[in-house]
Amino acid sequence: MKRTASGPTVTLCRGCCCGTTRKHPGVDHAGQVERLREGTAGAGRVTLSDCLDACAHSTVAVVSPSREGRAAGGRPVWLLGVLDRDTEDEIVAWVQAGGPGVADPPGMLDLRVFTPARRIRAQVE
């Protein structure tokens, strides 16, 4: 499937502690990336960051709005504890529905939202 540059973007923290078996043994980190990429294909895209500098909230993902979502007031949404398939499925469903500014986060995803320090937010925004 074709990935779209205009849909929401999911930035997934990897490379430091978030995407490692050292910090999160038993999590299929490579499988998580693939499931998110497959699930968002055609509606958005998934990018990887070496470190989003919010290690205490690991594993961190940031869902950034599409152009449409940003025009509607959507801003990047930081999610903590992205470690299970239910959370992955909710992220995929949100991207498929249009993401921040277009659709509300589904299920329990809003309970994973956190606000990082301004310096950290500037890295993604």
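Trainee: Which radius of gyration does the protein chain have, and why does it agree with a compact globule?

Mentor: This is a predicted model, where local features need pLDDT of at least 70, side-chain atom pairs count only at pLDDT 80 or more, and totals for chains, interfaces and linings use all residues. Residues are numbered from 1 along each chain as its sequence is written, and side-chain values use heavy atoms, leaving out hydrogens and water. The radius is taken over C-alpha atoms, and the globule rule is 2.2 Å times the number of residues to the power 0.38. With 125 residues, a compact globule would come near 14 Å, so the chain agrees with its 13 Å.

Trainee: How many helices and strands does the protein chain have?

Mentor: Helices (H or I, at least four residues) and strands (E, at least two) are DSSP runs, numbered from the N terminus. Along the sequence the pattern reads β-α-β-β-α-β-α-β-α. The count is four helices and five strands.

Trainee: In what order do the strands lie in the open sheet?

Mentor: Two strands pair if DSSP finds at least two bridges between them. The pairing in this sheet is mixed. The edge strands, β2 (45-49) and β5 (113-114), each pair on one side only. The order is β2-β1-β3-β4-β5.

Trainee: Which residue in β2 is the bridge partner of Cys-13?

Mentor: Strand β1 covers residues 9-13. Five bridges join β1 to β2, and the two run parallel. In β2, the partner of Cys-13 is Ser-49.

Trainee: What angle does helix α1 make with β2?

Mentor: Helix α1 (residues 29-40) packs on the sheet and touches β1 and β2. Contact means heavy atoms within 4.5 Å. Axes are lines fitted to C-alpha atoms, for helices over the stretch in contact, and angles run from 0 to 180 degrees between N-to-C directions. For α1 and β2 the angle is about 150°.

Trainee: Which strand does helix α3 run at about 10° to?

Mentor: Helix α3 spans residues 85-97. It lies across β1, β3 (61-64) and β4 (77-79). The strand at about 10° is β3.

Trainee: Is Thr-9 buried or exposed?

Mentor: Thr-9 is found in strand β1. Buried means under 20% relative accessible area, exposed over 50%, partly exposed in between (1.4 Å probe, protein chains only). Thr-9 has 11%, so it is buried.

Trainee: Which side chain does a polar contact of 3.3 Å join to that of Thr-9?

Mentor: A polar contact is a pair of N or O atoms within 3.5 Å; within protein, one must be able to donate a hydrogen and the other to accept it, and residues adjacent in sequence count only if both atoms are side-chain atoms. The side chain joined to Thr-9 belongs to Arg-45.
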